[in-house]
Amino acid sequence: MRSKARIVLGALIAALGTALLAAVCHAEEGDAVRGERAFQRCFACHTVDPDEPAKLQGPNLSRIIGRPAAQLAGFAYSEAMRTAAAAGLVWDAATLDRYLADPDAVVAGTAMSIPPVRDPQERADLVAYLARSGRDRP
Amino acid sequence: MRGLTFALSMVAALSAPAWAQESKYYELAKGDYPHDVAVGPKGEVWFAGQKAGIAGRLDADSGRIERIALGKNAAPHGVIVGPDGAPWFTDGGQNAIVRVDPASKEVKVWPLPPERMPYTNLNTAAFDGRGRIWFTGQNGVYGRLDPRTGDMKVWDAPRGRGPYGITATPAGDVWFVSLAGNYLANVDLETGAATVYEPPTKEQGARRVWSDSKGRLWISEWNSGNVGLYDPAAKRWKEWKLPGASPRTYAVWVDPDDKVWLTDWSVNAVVRFDPESETFTSFPSDRPGANVRQLLGRKGEAWIAESGTERIRVIRAP
């Protein structure tokens, strides 16, 4: 009886591992070329050009992956974003994915009002594009 | 007894607002996220539920809310009530102008031509005096739709991305502002050509614009925290800084008495500016993080969309 339970547990763990692996693989399936087109959603307020001269409403997203939230000098972040940063928010593929899907769920009271990016593939593409941004610079 | 009477009268005097007013709040469904709001001819209140992709209709008396789906991928940003009494939406999700029939609730969608720009980030709209609706797309366009024929034209905006608020004067002239471009522009109603007018403060972040009864343009300046005024007849500018250390002026609406209503995110408040006395009166929200992106109303009523708390607020004059 005990060994049967072990088998079931093992099968569950294996299934969970497979699901996690699939999720990770799915996250890695983002296409930066498609992401560049999807970035039109963000274009009004953001840039990935580190030399962008325009004063935009959102922070520069060049090399955003791995950056702690609210870290760009000279940008007037909202109180909500500063609070999230103080709580340890770091922009990686997972946090960006969740933020694009529902900004307020990640940073309550954020100033960003992007229409929700409901398609997981489009979010993965956007993250892939952002992951590429600024990497051609030293 | 005399002392008590005096004390009570002092309490009354100290608590009396500069402008006797009543605030009421209406809770919306979680996830509706009211971005913009507008009032119809019978006092019905429409809101753009951006996250839920719906048109919301609030009956102010009963508090009843009707939610009308605008279509797959809908994410409406702006709403105005047209000369036909119907709500018209600028729907960024569908990249389309959308009308809801106020009686049948039928939804009609006019998509923008996708070959020009698949996603324009549609922002707000205004009707000219000839029954045509003009709109802005924050990714760098503005356009015009004639709903009778379906004819739609889209033009590149000066300085690219940034077109945000748009308004029509009582004479039917159309003006818009550019948030990233930092300008006010007037459009030629036939050719569509835009003429740029530079506000006195550089990089002021002109976010929204509204006309008063005389055709003067009032502008909420996000970066500078100013309210700006451009008088096309006199060709003159004037600007006032909102109270506080670092105001962030988001929305503007001018009421039928030519009082200028604004929202200031830095103090979480609606602010009313009296152009005659050049004074500001503040009406803070009763909850933090109201994030009011737009307000609009009619005589005696200012209707306010609290995107941050997912509520509609009304401030009523006596």
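1. Let's start with chain B, which has one helix and 28 strands. Its radius of gyration is 20 Å, close to the 20 Å that the globule rule gives for 318 residues, so chain B is as compact as a globular protein of that length. Keep in mind as you read that this is a predicted model.

2. A few more overall figures for chain B. Along its principal axes, the C-alpha trace spans about 80 × 45 × 30 Å. Of the 318 residues, 51% count as buried. As for contacts between residues at least 6 apart in sequence, 44% of them join residues at least 24 apart.

3. Strand 7 of chain B, residues 87-91, is a good place to zoom in. The strand is mostly covered, with five of its five residues buried. That goes for both faces: P87(B), F89(B) and D91(B) are buried on one side, and W88(B) and T90(B) on the other.

4. Who are the partners of strand 7? On one hand there is strand 6 of chain B (residues 76-81), which runs antiparallel to strand 7 and is joined to it by five bridges. Here V81(B) stands opposite P87(B). These two strands make a hairpin with five residues between them, and G85(B) in that hairpin takes a positive phi near 80°.

5. Strand 7 of chain B also pairs with strand 8 (residues 96-100), again in the antiparallel sense, over four bridges. The residue facing D91(B) in strand 8 is A96(B). This is a hairpin too, with four residues between the strands.

6. Have a look at the loop of that second hairpin, between strand 7 and strand 8 of chain B, where N95(B) is found. Most residues other than glycine have a negative phi. N95(B), although not a glycine, has a positive phi of about 50°. N95(B) also has 22 other C-beta atoms within 10 Å; the cut-off for buried is 20 or more, so this residue is buried.

7. Something similar turns up at N182(B), whose phi is near 60°, a positive value in a residue other than glycine. Its place is the loop between strand 15 (174-178) and strand 16 (183-187) of chain B. Is N182(B) buried or exposed? With 23 other C-beta atoms within 10 Å, N182(B) is buried.

8. Next, a sheet. Four strands of chain B form an open sheet in the order 10-11-12-13, with antiparallel pairing. Strand 10 (122-127) and strand 13 (151-156) stand at the edges with a single partner strand each, so one side of each has no neighbour in the sheet. On average, neighbouring strands of this sheet are turned by 20° against each other, direction ignored.

9. Within that sheet, strand 10 and strand 11 (residues 133-137) of chain B are paired antiparallel over four bridges. One pair of bridge partners is A125(B) and F135(B), the latter in strand 11.

10. Strand 11 of chain B also holds I133(B), which counts as buried because it has 25 C-beta neighbours inside 10 Å. Leaving out residues up to four places away in sequence, I133(B) touches G82(B), W88(B), I97(B), A125(B), F127(B), L145(B) and P147(B). W88(B) in that list is one of the buried residues of strand 7. The C-alpha atoms of I133(B) and V174(B) are separated by 9.8 Å, with the two residues 41 apart along the chain.

11. Further along chain B, strand 26 (residues 292-298) contains L296(B). L296(B) counts as buried, with 25 C-beta neighbours inside 10 Å. How far apart in sequence are L296(B) and D36(B)? They are 260 residues apart, yet their C-alpha atoms are 8.4 Å apart in space. Not counting residues up to four places away in sequence, L296(B) touches V37(B), A38(B), V39(B), W253(B) and W303(B).

12. Now for chain A and the interface. Contacts between the chains involve 13 residues of chain A and 21 residues of chain B. The chain A side of this interface has seven nonpolar, four polar and two charged residues.

13. One last stop in chain A is helix 3 (residues 79-86), whose buried residues are A80(A), M81(A) and A84(A). Seen down the axis of helix 3, these fall within an arc of 95°, so they line one face of the helix. In general, an α-helix has 3.6 residues a turn, so residues three or four places apart point the same way. Just after helix 3 of chain A comes G88(A), with a positive phi of about 105°.

Definitions and conventions:
Residues are numbered from 1 along each chain as its sequence is written. Chains are lettered from A and ligands numbered from 1 in the order in which they are written. This is a predicted model: local features need pLDDT of at least 70, side-chain atom pairs count only at pLDDT 80 or more; totals for chains, interfaces and linings use all residues. Two residues are in contact if their C-beta atoms, placed from the backbone, lie within 7 Å. Ala, Val, Leu, Ile, Met, Phe, Trp, Tyr, Cys and Pro count as nonpolar, Asp, Glu, Lys and Arg as charged, and the others, Gly among them, as polar. Two strands pair if DSSP finds at least two bridges between them. Axes are lines fitted to C-alpha atoms, for helices over the stretch in contact, and angles run from 0 to 180 degrees between N-to-C directions. A residue is buried if 20 or more other C-beta atoms lie within 10 Å of its own, exposed if 12 or fewer, and partly exposed in between; C-beta atoms are placed from the backbone. The radius of gyration is taken over C-alpha atoms; the globule rule is 2.2 Å times the number of residues to the power 0.38. The arc is that of the directions from the helix axis to the C-beta atoms.
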